[in-house]
Each structure stands twice: as structure tokens, then as C-alpha cells.
Amino acid sequence: MTRAIQIAANGGPEVLIPGSVSLGWPGPGQALVRIEAAGVNFIDTYHRTGLYGLALPFTPGVEGGGVVEAVGPEVTAVAPGDRVGWAMQLGSYAERALLAADRLIRLPEAVTTRQAAAAMLQGMTAHYLVRSTFRVQSGMPVLIHAAAGGMGLLLCQMCRALGARVFGTVSTEAKARAARAAGADHVIRYTEQDFAEAVREELGDEGLAVVYDSVGASTWRKSLDLLRRRGMLVLFGQASGPVPPIDPLELLKAGSVFVTRPTLADYVATPDELSWRAGEVLEKVASGAVRLTIDRELPLAEAEQAHRLLESRATSGKLLLIP
């Protein structure tokens, strides 16, 4: 038996119940991993509420870092003793998990398992957003919503490194300082100023090349209206609620713009792509080219509190659960 958070019914943070599960021994293609840190992400809240439906009961959490304890038959990708990181593998809110061995990434010596738990999902997400979904280039004006969250801080750094002109929205002055430190050129306190008006004051009729929007319901309409001709709205989250159906004619009227709703799973679909994307992210973490901000670490049993903090936007940076 291993300690784990279990969800037996969909609902609010209170459904995250500490308990225990029986894992058994790793089967073909599996590795038993002792988890040293689990990342807390908005996708976990979507699993918890049932927005992204999963069979009940289940152990939430799709990201972490730890040490391989045992492997199943025919596993060659990792071996006992390897320090590994992963993303998009369910069951990370636990002391141990049985994971697909070919989806584990061996960590560079300079990267800790806590850093892996803070970087794998959000780091690879930021990587595909700026390198694959939309190729950010020098001089491009880009807008990043929730720029001081764990995801937003990574996006600011990566867009800045590519030479973009970075706009970011935040809620407080402390978060504004964090976004500026991560590379945002123009930080907008949306609690005090309309973000669309603030962007137009700076850009005039130029418009944004791309908007990275993880907020959803409360921001998408204005985000769409801020795009330049053939610009792109990248909806990669819905912290304020789902975006309603969009009439394709709205895209024509806005200047033949594009709207996409990507997910990491489709950008690490093959082992080679996963290895390439994770490798580039972890190399940047190891070299210091990408700085991770861990807002706080909470004991595994406080998963409920972690979700409350995340959903209330009371954090700046990454939340980790420590078994």
C-alpha cells in the first residue's frame, strides 16, 4: 500500500481525500517510481471537477519528479535508481506510482526532482506554445494572460528570449514585479485597468501577433479583438470558465484570425518528440536560461489547500506537493 490522494466523486477541493492504494509490481512497460514531488496544475482541477471526465475513483496529478525503484519486463528506457521526471501521467499525488517507462525522462545531474516537478508540464507547454503552435519571432507583440503564474512566468521568459515585445496581465503589484523580472515589457494590472485599452494605448492599430490565454471565459473576447490581421488566439486553459462556441464568421470579421485550443499530449505524442521537447526544457533549467519560481511546497495531505490556492489565484509561480 502507498499513501495517495483519492477522488471518489467529482466536486470542489474537498473531494481530495488522503488515503492509500495498492499498486502491485510493475508490469510490461511500467516503472515503479518513488515520488519526491508532484506538480499542481489547472488540469488537475479539471479532472477533479469532472470537466475532463475520468473513471472514478482515481489518484489525481499528472506531473512529478522521483526515483525509479523497479521496472517491469522488457523495460530499457529507465533503470532502478534513475532520477526521472514526467508529465501527462495520472497518479502523481502519491508516495509511489506505476508509470509508463517510455514516458519518463531521465534528469540531468544539475536538475533536482523538485525542479522537474515544477518544469515538466508547464515548461514543455510553454515550449510548444512558442515554438510549435505559434512560432514567436523577434519584434512580435505578444500578450500573456496570468503572466505571474507558474505558466505565465515561463512564457514570459521564453518569449523574451526570442525577442518578442511582451505584454502581460496580472492582478497585484507583487505579481507585476514578478512578471517584469521574467521579461514582460508592459505589465497590466487588470484589476485597475482594462487590458484591451492598455494594449491599444501602446500598439495603436498594430494589433497583437498572438495572445496566450489560459483564463478563458472572462478574457477571450477582448483577446480576439486585439489580434492583428492573421493573428492567433491560443486558448490553453480556462481558469475563469470555458469559452463559449465561436462562430467562424467572427474570425473573418476580426481579420482572418486563428483560434486554437491545444493540449500538451498532442505535442509530445511520440517518444522522440517528448525526448526533444523535455530535453530542451531541462537543459534550459540546468543552465539557468529558464528560472523556475516555486511559490510554495505543501505536504501531500494538503492537496485540498493547494487546489484552493491555485483556483483563488493566490500564488505566483509553481505549487508542489511533497509526499
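This text walks through a predicted model, starting at helix α1 and ending at three unusual backbone sites.

Helix α1 spans residues 42–49 and is mostly covered, with six of its eight residues buried. The buried ones are Ile43, Asp44, Thr45, Tyr46, His47 and Arg48. They pack against three elements: β3 (30–40), α2 (113–133) and α9 (303–311). Directly after the helix, Gly50 has a positive phi of about 95 degrees.

His47 is a useful residue to look at within α1. Its relative accessible area is 9%, and because the limit for a buried residue is under 20%, His47 counts as buried. Setting aside residues up to four places away in sequence, His47 touches Asn10, Tyr52, Leu54, Phe58, Val62 and Leu90.

Next comes the pairing of α1 with α9. The axes of these two helices come within 10 Å and cross at roughly 110 degrees. Angles of 65 to 115 degrees count as roughly perpendicular, so α1 and α9 fall into that class. Their crossing is left-handed. On the α1 side the residues involved are Phe42, Asp44, Thr45 and Arg48, and they meet His307, Leu310 and Glu311 of α9. Sorted by class, this contact has two nonpolar, two polar and three charged residues.

A second helix pair is formed by α2 and α8 (residues 271–287), whose axes lie 9 Å apart at an angle of about 115 degrees. This angle makes α2 roughly perpendicular to α8. The crossing of α2 with α8 is right-handed. From α2, the contact includes Gln115, Ala119, Met120, Gly123, Met124, His127, Tyr128, Arg131 and Ser132. From α8, the residues taking part are Leu274, Trp276, Arg277, Ala278, Glu280, Val281, Leu282 and Val285. The class count for the α2 and α8 contact is ten nonpolar, four polar and three charged residues.

Beyond α2, the chain enters a loop that leads to β8 (141–144), and Arg135 sits in this loop. Is Arg135 buried or exposed? Arg135 is exposed, with a relative accessible area of 52%, the cut-off for that class being over 50%. Its side chain reaches the backbone oxygen of Arg131 at 2.8 Å, and Arg131 is also one of the α2 residues in the contact with α8. If neighbours within four places in sequence are left aside, Arg135 is in contact with Val130 and Met140. The C-alpha atoms of Arg135 and Val210 are 9.5 Å apart, although 75 residues separate the two along the chain.

The last stop is the backbone. Most residues other than glycine have a negative phi, and most peptide bonds are trans. Which peptide bond is cis? The bond from Leu56 to Pro57 is cis, with omega near -10 degrees. Pro57 belongs to the loop between α1 and β4 (63–71).

Two residues other than glycine have a positive phi here: Glu74, near 65 degrees, and Met88, near 60 degrees. Glu74 is placed in the loop between β4 and β5 (83–87), while Met88 is in the loop between β5 and β6 (96–100). Glu74 is exposed, at a relative accessible area of 79%. Met88, at 31% relative accessibility, counts as partly exposed.

Methods. Residues are numbered from 1 along each chain as its sequence is written. This is a predicted model: local features need pLDDT of at least 70, side-chain atom pairs count only at pLDDT 80 or more; totals for chains, interfaces and linings use all residues. Side-chain values use heavy atoms; hydrogens and water are left out. Buried means under 20% relative accessible area, exposed over 50%, partly exposed in between (1.4 Å probe, protein chains only). Helices (H or I, at least four residues) and strands (E, at least two) are DSSP runs, numbered from the N terminus. Contact means heavy atoms within 4.5 Å. A polar contact is a pair of N or O atoms within 3.5 Å; within protein, one must be able to donate a hydrogen and the other to accept it, and residues adjacent in sequence count only if both atoms are side-chain atoms. Axes are lines fitted to C-alpha atoms, for helices over the stretch in contact, and angles run from 0 to 180 degrees between N-to-C directions. Angles under 35 degrees count as roughly parallel, over 145 as roughly antiparallel, 65 to 115 as roughly perpendicular and the rest as oblique. A crossing is left-handed if the near helix is turned anticlockwise from the far one by less than a right angle, and right-handed if clockwise. Ala, Val, Leu, Ile, Met, Phe, Trp, Tyr, Cys and Pro count as nonpolar, Asp, Glu, Lys and Arg as charged, and the others, Gly among them, as polar.
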